[in-house]
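Biologist: Could you take me through this complex before I look at it in detail? I would like to begin with how helix packing is described.

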There are 2 protein chains.
Amino acid sequence: MDERRQARLEARAKIIKAMAHSTRLLIVEELAKSEHCVCELTEMIGADVSTVSKHLTVLKNVGIVCSEKRGNQVYYQLRTPCILNFFGCVESVLEATAKEQALLCLPER
Amino acid sequence: MDERRQARLEARAKIIKAMAHSTRLLIVEELAKSEHCVCELTEMIGADVSTVSKHLTVLKNVGIVCSEKRGNQVYYQLRTPCILNFFGCVESVLEATAKEQALLCLPER
DNA sequence: TGGCTATCTGGCTAAATTGCCAAATACTTG
DNA sequence: CAAGTATTTGGCAATTTAGCCAGATAGCCA
């Protein structure tokens with residue numbers, strides 16, 4: 001396969017992979033509303049702080065979020081809000097599947 | 001955390017996870033142009049047929065593609081083309097990161 | 001300075017993912 | 001029916017990921 005294309009696909013996959021976790025999706029949704037520090041996110045998520053911190057690192061490494069230290073806390077912000085467009089599409093897939101499932105439940109003619 | 005929300009996030013993550021692999025992104029890109037049978041995709045990808053088949057199963061399980069057996073072959077099609085919107089956004093993230101990298105290379109003032 | 005809070009990092013285990021081979025299955029054609 | 005092609009499935013080894021704990025680091029305040 002074309003090496004250039006392969007590299008491009010891998011770069012994309014890396015970003016998508018960073019979104020491929022329910023906790024990280026939650027983080028993105030919340031940061032879309034407003035910035036938050038790690039402790040706030042940790043409370044919402046209900047996992048160990050270290051776990052949340054690592055999720056944030058994943059998102060940061062691919063450039064989805066950025067962070068800023070203020071005093072004692074680190075505030076995270078959504079860096080590329082267009083990432084929210086993801087969700088509309090994902091919903092479409094879910095809806096299409098749901099509709100199909102519904103059809104299967106209809107009585108045969 | 002709200003259980004309903006958790007379930008919704010997990011459903012989304014499942015779909016996004018299915019996209020989170022360069023080979024599967026290639027498949028989606030190709031299917032966006034036209035349907036293909038497994039053997040055609042296998043040739044483009046250059047991996048074992050069984051590997052490609054499993055990637056297709058992943059995409060099918062979450063409803064991104066659907067398949068139709070015609071004679072000896074199974075043709076796969078993109079079921080929800082809006083999935084392509086993903087890419088625009090992913091590109092934005094990549095571009096933003098690239099720009100930032102470029103800035104780092106500028107001489108200091 | 002000492003103690004407290006917030007965050008990150010290292011290390012570990014359990015679980016999931018990937019990719020290959022081999023074997024099973026389904027169809028087509030001679 | 002036999003042989004050949006296309007696809008899927010089972011199984012295995014290697015790699016990656018997730019989440020927790022413990023410990024390190026950084027900044028705040030008394």
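Modeller: A convention comes first: angles of 65 to 115 degrees count as roughly perpendicular, under 35 as roughly parallel, over 145 as roughly antiparallel, and the rest as oblique. Please note also that this is a predicted model.

Biologist: Understood. At roughly what angle do the axes of α2(B) and α3(B) cross?

Modeller: They cross at roughly 125° and come within 11 Å. α2(B) and α3(B) are therefore oblique to each other. The crossing of α2(B) past α3(B) is right-handed.

Biologist: Which residues of α2(B) and α3(B) meet there?

Modeller: From α2(B) there are B:Thr23, B:Leu26, B:Ile27 and B:Glu30, and they meet B:Leu41, B:Met44 and B:Ile45 of α3(B). By class, the contact of α2(B) with α3(B) has five nonpolar residues, one polar and one charged.

Biologist: What about α2 and α3 in chain A, at what angle do their axes cross?

Modeller: In chain A, the axes of α2 (residues 22-33) and α3 (residues 38-45) cross at roughly 125° and come within 11 Å. That makes α2(A) oblique to α3(A). α2(A) passes α3(A) in a right-handed crossing. The residues that meet are A:Thr23, A:Leu26, A:Ile27 and A:Glu30 from α2(A), with A:Leu41, A:Met44 and A:Ile45 from α3(A). The contact of α2(A) with α3(A) divides into five nonpolar residues, one polar and one charged.

Biologist: Back to chain B. How are α2(B) and α4(B) oriented to each other?

Modeller: Their axes come within 10 Å and cross at roughly 70°. α2(B) and α4(B) are therefore roughly perpendicular to each other. On the α2(B) side the contact is made by B:Thr23, B:Arg24 and B:Ile27, and on the α4(B) side by B:His55, B:Leu56, B:Val58 and B:Leu59. The residues of the contact of α2(B) with α4(B) comprise four nonpolar, two polar and one charged.

Biologist: Let us turn to the pair of chains. How many residues of chain B are in contact with chain A?

Modeller: There are 36 residues of chain B in contact with 36 residues of chain A. On chain B, α1 (3-19), α2 (22-33), α3 and α5 (85-105) each supply at least two residues of the side that touches chain A. That side of chain B has 23 nonpolar, nine polar and four charged residues.

Biologist: Through which surface do the copies meet?

Modeller: They meet through the same surface, because 100% of the interface residues of chain B are also interface residues in chain A.

Biologist: And by what turn can chain B be laid on chain A?

Modeller: A turn of 180°, with a shift of 0.0 Å along the axis, lays chain B on chain A with an RMSD of 0.0 Å. The two copies are thus related as by a two-fold rotation axis.

Biologist: Which residue of chain B comes closest to the rotation axis?

Modeller: That is B:Phe86, whose C-alpha lies at 2.8 Å from the rotation axis.

Biologist: Now the DNA, please. How many residues surround strand C, and which are the closest?

Modeller: DNA strand C is surrounded by 22 residues, of which A:Cys37, A:Val38, A:Cys39, A:Ser50 and B:Ser50 are the closest. The elements that give two or more residues to the surface near strand C are α3, α4 and β3 (73-78) of chain A and α4 of chain B. The largest share, six residues, comes from α4(A). By class, that surface near DNA strand C has seven nonpolar, 12 polar and three charged residues.

Biologist: And which residues come nearest to strand D?

Modeller: Of the 24 residues around DNA strand D, the nearest are A:Ser50, B:Cys37, B:Cys39, B:Ser50 and B:Gln73. Two or more residues of the surface near strand D are given by each of α4 (49-61) of chain A and α3 (38-45), α4 (49-61) and β3 (73-78) of chain B.

Biologist: Which element provides the largest share of the surface near strand D?

Modeller: That is α4(B), with six residues. The surface near DNA strand D contains eight nonpolar, 12 polar and four charged residues.

Definitions and conventions
Residues numbered from 1 in each chain as written. Chains lettered and ligands numbered in written order. Predicted model: local features only at pLDDT ≥ 70, side-chain atom pairs only at ≥ 80, totals over all residues. Near = placed C-beta within 6 Å. Helix = DSSP H or I, 4+ residues; strand = E, 2+ residues; numbered from the N terminus. Nonpolar A, V, L, I, M, F, W, Y, C, P; charged D, E, K, R; others polar. Contact = placed C-beta atoms within 7 Å. Axes fitted to C-alpha atoms, helices over the stretch in contact; angles between N-to-C directions. Least-squares fit on C-alpha atoms with pLDDT ≥ 70 in both. Left-handed = near helix turned anticlockwise from the far one by under 90°.
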